[in-house]
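Subject: Structure for your review

Dear colleague,

Please find below the structure that I agreed to hand over, followed by an account of what was found in it. I would be grateful if you would read the two side by side.

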Amino acid sequence: CATADEALRRIAGIGETRDGFAFDIDGAVVKLDSLPQRAQLGSTAKFPRWACAYKYPPEIRETLVEDIVVQVGRTGVLTPRAVVSPVRLAGTTVTSATLHNQDFISEKDIRIGDEVAIRKAGDIIPEVVRVVSHAKDSEPYVLPSICPSCSAPVIREEGEAAVRCVNPECPAQLLRNVIHFCSRDAMDIEGLGDALVEKFISEGLISNVADIYDITAGEITALEGHQENSANNLIEAIERSKQNDLSRLLFALGIRHIGQKAAKLLSEHFGDIDSIAAASEDEISAIDGFGGIMAKSAVEFFSLSQTSDLIARLKAAGVNMKSLKEKSDDQRFKGLTFVLTGTLPTLSRKEATDIIEGLGGKASSSVSKKTSYVVAGEEAGSKLQKANDLGIPVITQDDLMKMAQE
């Protein structure tokens with residue numbers, strides 16, 4: 001194409017014929033083919049100035065809502081999903097679409113039997129765009145008032161879109177809770193994957209995460225398809241998990257609003273689980289990096305009798321309940337906030353973060369006026385630009401190491 005108008009017409013033409021290609025596309029790219037002009041335009045740290053991508057709107061297809069089913073997630077949230085007549089969409093055959101929550105369903109008035117238009121949000125997750133027509137005699141859909149898994153009442157908290165089952169022993173939550181408890185970022189029990197957890201639950205070996213620590217090699221080998229070696233390896237992995245840091249256990253417990261970073265802050269601030277359980281909302285809110293919602297959630301979790309029973313069982317099993325991180329006397333970075341951006345020469349993000357936090361500093365993911373330093377590596381992007389705009393000191397890995405070693 002010799003002109004911009006020609007290029008735009010070509011882009012539109014590709015979009016109109018994309019369905020006939022033997023492969024899937026989501027856009028078209030225009031590139032300048034003059035090498036001297038490419039050199040003249042140059043590149044930013046992230047992309048060339050001599051190339052531009054045009055994305056096509058998501059593909060939309062019409063299909064029929066055959067049913068609406070409700071799944072219960074790890075935190076008890078009821079998530080509705082539309083079962084639809086199979087339809088080819090953006091390269092795959094789609095048989096279901098997310099309905100998000102009751103507000104989404106009510107706003108679009110989605111009913112069983114409706115003809116609907118669907119698309120893939122971000123070309124990934126199928127969702128209903130609009131209702132094309134209602135089925136005859138159809139009725140507005142309302143989420144159930146009882147949990148479809150355990151029949152306990154469900155609630156919708158003020159300010160939330162989600163409807164939630166609050167029964168801590170709900171079977172649907174149990175499966176996802178145990179899977180989360182065993183996951184790599186939590187207790188990291190190697191070999192105890194999703195399928196095996198489901199099998200243990202169905203066989204009655206697990207009805208609570210504490211039951212993991214009561215399982216014997218004999219019970220595992222009694223299950224079809226499990227040899228003595230694999231059983232012993234799993235028992236060893238379960239035993240190793242008992243020595244994890246308290247922060248891993250806190251994350252594994254699946255406390256609402258408490259992720260890995262918050263679990264680490266709780267662990268290091270209070271030192272042991274009994275101190276956390278006895279802490280007030282104000283005491284937890286006082287931790288730098290904690291908000292009121294997180295503090296309230298932690299206090300509510302530890303006030304439950306089920307939580308006390310669970311902690312007691314885990315203690316009896318020998319699971320570590322203390323922070324293993326010793327607080328350094330050297331707190332030279334106390335009160336300083338660092339933001340890491342780009343690729344550092346020899347340190348990973350985690351290693352650099354450990355150095356900063358080990359000396360009392362805070363590692364943040366975003367640049368603001370409160371940022372003390374931005375540590376920039378290769379291919380630093382928008383965070384570096386924002387630091388320059390705000391006049392925040394930008395340092396290298398070497399500068400950070402000198403500050404840490406002085």
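Ile212 is in contact with Val178, Phe181, Cys182, Ile189, Leu192, Ile206 and Ile238, when residues up to four places away in sequence are not counted. Ile212 is also among the residues with the most contacts inside the largest nonpolar core, which has 53 residues. The others in that group are Phe181, Ile189, Phe200, Tyr213, Leu249 and Leu314. Several helices give two or more residues to this core, including α4 (171–182), α5 (194–202), α7 (228–241) and α8 (246–252). Further along the chain, α9 (260–270), α10 (273–278), α12 (292–303) and α13 (305–316) do so as well. Another core lies apart from this one and has 27 residues, with Val65, Ile68, Leu78 and Cys147 among them.

Please bear in mind that the model is predicted. The mean pLDDT of the protein is 90, and 99% of the residues reach 70 or more. Confidence is highest in α8, at 96, and lowest in strand β11 (residues 362–364), where the mean is 87.

I turn next to the strands. Strand β3 (residues 60–72) and strand β4 (residues 78–89) run antiparallel and are joined by 7 bridges. Their hairpin has 5 residues between the strands, and Gly76 there takes a positive phi near 90°. On its other pairing, β4 meets strand β5 (residues 92–98), again in the antiparallel sense, over 6 bridges. The hairpin of β4 and β5 has 2 residues between the strands, and Ala90 in the turn has a positive phi of about 50°. Val83 in β4 appears in both pairings: Asp67 stands opposite Val83, and Val83 stands opposite Ser96 in β5.

Ser85 also belongs to strand β4. Is Ser85 buried or exposed? Ser85 has a relative accessible area of 18%, and because the limit for buried is under 20%, Ser85 counts as buried. The side chain of Ser85 makes a polar contact of 2.9 Å with that of Glu66. Beyond the neighbours within four places in sequence, Ser85 is in contact with Thr63, Leu64, Glu66 and Val94.

A word on the cysteines may be useful. The count of disulfides comes to 0. For Cys1, the nearest cysteine sulfur is that of Cys52, 14 Å away, and Cys1 is in no disulfide. Cys1 is exposed, at 69% relative accessibility. Why is Cys150 in no disulfide? The nearest cysteine sulfur to Cys150, that of Cys165, is 3.7 Å away, and a disulfide requires the two sulfur atoms to be within 2.5 Å, so the pair does not qualify. Cys150 is partly exposed, with a relative accessible area of 23%.

Finally, there is Pro36, which has its place in helix α2 (residues 35–41). Pro36 has a relative accessible area of 61% and is exposed, because the limit for that class is over 50%. Pro36 and Trp50 are 14 residues apart along the chain, and their C-alpha atoms are separated by 11 Å.

Yours sincerely

Key. Residues are numbered from 1 along each chain as its sequence is written. This is a predicted model: local features need pLDDT of at least 70, side-chain atom pairs count only at pLDDT 80 or more; totals for chains, interfaces and linings use all residues. Side-chain values use heavy atoms; hydrogens and water are left out. Two strands pair if DSSP finds at least two bridges between them. Helices (H or I, at least four residues) and strands (E, at least two) are DSSP runs, numbered from the N terminus. Buried means under 20% relative accessible area, exposed over 50%, partly exposed in between (1.4 Å probe, protein chains only). A nonpolar core is a set of buried Ala, Val, Leu, Ile, Met, Phe, Trp, Tyr and Cys residues joined through side-chain atoms within 4.5 Å. Contact means heavy atoms within 4.5 Å. A polar contact is a pair of N or O atoms within 3.5 Å; within protein, one must be able to donate a hydrogen and the other to accept it, and residues adjacent in sequence count only if both atoms are side-chain atoms. pLDDT is the predictor's confidence in each residue, from 0 to 100.
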